[in-house]
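Please report on the empty spaces in this protein model, and then on selected residues of its surface, interior and backbone. Give the cut-offs of each term where it is used.

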Amino acid sequence: VNVPTELLGELPTPCLLVDEAAASRNIERCAATVRNGTARLRPHFKAHKCSRLLRKQVAAGECAGVTCQTSWEALALARAGFSDILIANEIVDRSALKEVAEAARMASVTIVVDAPVQVELAAGLDLGPESSLGVLIELDVGTGRCGLPVGSPELVPLARAIARARGLVFLGLQAYEGHAVLREDRELRRVLVWQAAQQAKFERERLEMAGFECRVISGGGTGTVDLAVETGVLTEIQAGSYVLMDARYAGLGLPFETALYCVTTLVSRRAPEAGVLNAGLKELTVEHGMPQSCTLGVSVIALSDEHACVRIDRQADLSVGDNVLLIPSHIDPTINLWDTLFVWTGDSMERWRVDGRRSFAVEEAYRFASEGSS
Ligand SMILES: Cc1ncc(COP(=O)(O)O)c(C=O)c1O
């Protein structure tokens, strides 16, 4: 990222920095990947939780709508004016269901289910006279998280329960191949994506034979966009990380560039080969490995609460007070730690709010509630 050194030095470190030009190139490349296929993008908000970034994705075209993972993200998106929102997740918590209903009164909202109880709860929501909720049945195509196993005798009865429920519209299937998206071997990814797609196709045919049309088959992630398009089975792809990327995804050789950095400062070099940066586990996460340093000869070896211990090559030209840019290893949980993104537009530094964070959405909800009662 080519931020002038003096501007970088003015940032309040640690902070997150976005290279807007790189993000725009990623958005365009992803749109181009789906342009001539049968699937559209439904970009996942959970990766960056920033509605300004999501708006750029939608503006680039090829989007069927947007995806999020939680009720408060859906509410934030509905309030921000997004008109077609998939919550790619099962919702049963009472307060979450109220947020879903509120979002559904403002936008077209679809939820995901894998059991009758979720259908009953959704059917009990007060959606107002005009609104309905779209529903996808989630299949477990290998991820081992939520979803009906393929071939389940419960599939057709569940579709029937949705079709009969007040205010619910059965739209199709969610078949997210989470077990494939991060596999480094591209051929293995291709096989896993193909298997997942065949399972989804089989279930679609079973539903169609029982009289339930599947207009939507939703799945896919950053590591599988082109491979999912290739299968011709998915109608929409829920990728999210591709906009800003992270160090783990960078290892897959995808056509997307790093656009997110954590700007840190070297606060100590207690030995020629040992330094400490002012960012730790409160700013970065390690479940996908250590963040990657962009400074030659510097590597992160451990994070504690507020510190990153780094190994420094003896000859590395680095002094206390210098900035070191790190590439976060896992974008979603990292972004979730921050309120603001510093966005380098190429000629100015802007601040964009991470408005999909739960704290903001809940704050807004309380503000709305107290405005309503006063
Ligand atoms: C339901 C769902 N869809 C899509 C994705 C894809 O995200 P990514 O772009 O990070 O691969 C995820 C990631 O965890 C997910 O949980």
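The structure, which is a predicted model, holds 2 cavities of 30 Å³ or more. Here a cavity is a set of points, on a 1 Å grid over the protein atoms alone, where a 1.4 Å probe fits but cannot get out, whereas a pocket is an open set with protein on both sides within 12 Å along at least five of seven lines; lining residues have an atom within 4 Å of a point. Grid points are joined across faces, edges and corners, and a volume is the space filled by probe spheres set on the points.

As a predicted model, it is treated with confidence limits: local features need pLDDT of at least 70 and side-chain atom pairs count only at pLDDT 80 or more, while totals for chains, interfaces and linings use all residues. Residues are numbered from 1 along each chain as its sequence is written, and side-chain values use heavy atoms, with hydrogens and water left out.

The largest cavity encloses about 40 Å³, and its lining consists of Ala175, Glu177, Val193, Ala196, Ala197, Ala200 and Leu234. The second largest cavity is lined by Glu138, Leu139, Asp140, Val141, Thr143, Arg145, Cys146 and Tyr176. The largest pocket holds about 450 Å³ of space; of its 25 lining residues, Lys46, Arg145, Tyr176, Val181 and Asp332 are the closest to its centre. Arg145 and Tyr176 thus appear both in the lining of the second largest cavity and among the residues closest to the centre of the largest pocket.

The table sets out volumes and lining classes, where Ala, Val, Leu, Ile, Met, Phe, Trp, Tyr, Cys and Pro count as nonpolar, Asp, Glu, Lys and Arg as charged, and the others, Gly among them, as polar.

| Space | Volume | Lining residues by class |
|---|---|---|
| Largest cavity | about 40 Å³ | 6 nonpolar, no polar, 1 charged |
| Second largest cavity | about 40 Å³ | 4 nonpolar, 1 polar, 3 charged |
| Largest pocket | about 450 Å³ | 7 nonpolar, 13 polar, 5 charged |

On the surface, Val92, Val117 and Leu121 make a nonpolar patch of about 220 Å². Val92 belongs to the loop between β4 (84-87) and α5 (94-106), and it counts as partly exposed because its relative accessibility is 47%, given that buried means under 20% relative accessible area, exposed over 50%, and partly exposed in between (1.4 Å probe, protein chains only).

Two leucine and isoleucine positions belong to the interior. Ile162, in helix α7 (residues 155-164), is buried, with a relative accessible area of 0%. Leu127, in the loop between α6 (116-123) and β6 (133-140), is likewise buried, with a value of 6%. The C-alpha atoms of Ile162 and Leu127 are 16 Å apart in space, for 35 residues in sequence, while Leu127 and Thr285 are 38 Å apart, C-alpha to C-alpha, for 158 residues in sequence.

The backbone has further features to note. A cis peptide bond, with omega of about -5 degrees, joins Thr13 and Pro14, and Pro14 is found in the loop between α1 (5-10) and β1 (15-19). Glu62, a residue other than glycine, has a positive phi near 70 degrees; Glu62 sits in the loop between α3 (51-59) and β3 (66-68) and is partly exposed, at 21% relative accessible area. Met245, also not a glycine, has a positive phi of about 65 degrees, but this residue, in the loop between β10 (236-237) and α10 (247-250), is buried, with a relative accessible area of 1%.

Technical notes:
Patches are made of residues with over 30% relative accessible area and no salt bridge: like charges are joined within 9 Å, nonpolar side chains (Val, Leu, Ile, Met, Phe, Trp, Tyr) within 5 Å. Accessible areas come from the Shrake-Rupley method with a 1.4 Å probe; for residues, only the protein chains shown count as cover. A salt bridge is a side-chain nitrogen of Lys or Arg within 4 Å of a carboxyl oxygen of Asp or Glu. Helices (H or I, at least four residues) and strands (E, at least two) are DSSP runs, numbered from the N terminus.
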